Amino acid sequence: MYSEKVMDHFQNPRNVGEIENASGVGTVGNAKCGDIMKIYIQVEDGILKDVKFKTFGCAAAIATSSMATELIIGKTVEEALDLTNKAVAEALDGLPPVKMHCSVLAEEGIKAAIEDYMAKQGK
């Protein structure tokens with residue numbers, strides 16, 4: 001059973017879409033369940049000014065992508081790197097144990113986008 005917050009972020013996902021000329025893009029997937037997340041970040045002066053996502057997957061995958069983007073917009077790159085899958089799950093008032101891998105994907109997607117950004121910056 002999903003929490004009200006999970007259902008809200010699934011039915012009304014925030015920050016869906018792409019960022020043209022994004023500072024960084026991260027794509028992650030879980031072959032076992034078929035979920036695929038693509039996270040776009042726009043960084044200005046070390047701050048994540050915009051974050052968007054495109055997710056193909058279940059309700060939990062979409063909800064965790066949506067919540068993760070909400071949690072890091074306006075944060076520094078370093079603060080965004082500290083985001084954990086547990087923090088995403090807690091912000092959604094929990095996930096069923098069988099769906100915790102979705103919050104892991106959201107964390108990994110954000111870290112992949114930041115790694116792409118850092119690589120483009122030569123860091």
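**Stop 1: strand β1**

Select residues 24-30, which make up strand β1. Keep in mind as you go that this is a predicted model. Show the side chains and look along the strand: Gly24, Gly26, Val28 and Asn30 point to one face and are buried. Val25, Thr27 and Gly29 point to the other face, and these are not buried. A general pattern sits behind this view: in a regular strand the side chains alternate between the two faces of the sheet.

**Stop 2: the hairpin with β2**

Now add residues 35-44, which form strand β2. How do β1 and β2 pair? They run in the antiparallel sense, joined over seven bridges. To find your place across the pair, pick Gly26 in β1 and look opposite, where Ile39 of β2 stands. Then move to the turn of this hairpin, where four residues lie between the strands. Click on Gly34 there and check its backbone: Gly34 takes a positive phi near 90°.

**Stop 3: helix α2**

Next, select residues 59-72, helix α2. The helix has 14 residues and reaches 20 Å from its first C-alpha to its last, close to the 20 Å expected at 1.5 Å a residue. Is α2 mostly covered or mostly open? It is mostly covered, with twelve of its 14 residues buried. Colour the buried ones if you like: Ala59, Ala60, Ala61, Ile62, Ala63, Thr64, Ser65, Ser66, Met67, Ala68, Thr69 and Ile72.

What covers these buried residues? Bring up the surroundings and you will find that the cover includes α1 (4-11), β2, β3 (47-56), α3 (77-81), α4 (85-91) and α5 (100-120). Before leaving, step past the end of the helix to Gly74, which follows α2 and has a positive phi, near 90°.

**Stop 4: two residues inside α2**

Zoom in on Ile62, a member of α2. Its relative accessible area is 16%, so Ile62 counts as buried, the cut-off being under 20%. Which residues does Ile62 touch, not counting those up to four places away in sequence? They are His9, Phe10, Pro13, Phe53, Thr55 and Gly57. For a distance to try in your viewer, pick the C-alpha atoms of Ile62 and Val6: they are 8.8 Å apart in space, although 56 residues separate them in sequence.

Now slide along to Thr64, also placed in helix α2. Thr64 is buried, with a relative accessible area of 0%. Leaving aside neighbours within four places in sequence, its contacts are Met37, Val88, Leu92, Leu95, Cys102, Ser103 and Ala106.

**Stop 5: salt bridges**

Switch to the charged side chains. Side chains of opposite charge can pair when their charged atoms come close. How many salt bridges are counted here? The count comes to six, and three of them make good stops.

- Select Lys5 and Asp93: their side chains meet in a salt bridge at 4.0 Å, N to O. This pair links distant parts of the chain, with Lys5 in helix α1 and Asp93 in the loop between α4 and α5, 88 residues apart. Lys5 is partly exposed, at a relative accessible area of 37%.
- Select Glu18 and Lys54: here the N to O distance is 2.6 Å. Again distant parts of the chain are linked, since Glu18 is in the loop between α1 and β1 and Lys54 is in strand β3, 36 residues apart. Lys54 counts as partly exposed, at 38% relative accessibility.
- Select Asp50 and Lys52: this salt bridge has an N to O distance of 3.7 Å. Asp50 is partly exposed, with a relative accessible area of 25%, and Lys52 is partly exposed too, at 22%.

**Stop 6: zoom out**

Finally, show the whole chain as a cartoon. You will see five helices and three strands, and reading along the sequence gives the pattern α-β-β-β-α-α-α-α. The C-alpha atoms fill a box of roughly 45 × 25 × 25 Å along the principal axes. With 123 residues, a compact globule would have a radius of gyration near 14 Å, and the 13 Å of this chain agrees.

How many of the residues count as buried? The share is 45% of the 123. Among contacts with a separation of 6 or more, 61% come from residues 24 or more positions apart. Turn on the surface to end the tour: the accessible surface comes to about 6,300 Å², and 51% of it belongs to carbon and sulfur atoms.

How values were computed:
Residues are numbered from 1 along each chain as its sequence is written. This is a predicted model: local features need pLDDT of at least 70, side-chain atom pairs count only at pLDDT 80 or more; totals for chains, interfaces and linings use all residues. Side-chain values use heavy atoms; hydrogens and water are left out. Buried means under 20% relative accessible area, exposed over 50%, partly exposed in between (1.4 Å probe, protein chains only). Helices (H or I, at least four residues) and strands (E, at least two) are DSSP runs, numbered from the N terminus. Two strands pair if DSSP finds at least two bridges between them. Contact means heavy atoms within 4.5 Å. The expected span of a helix is 1.5 Å times one less than its number of residues. The radius of gyration is taken over C-alpha atoms; the globule rule is 2.2 Å times the number of residues to the power 0.38. Accessible areas come from the Shrake-Rupley method with a 1.4 Å probe; for residues, only the protein chains shown count as cover.
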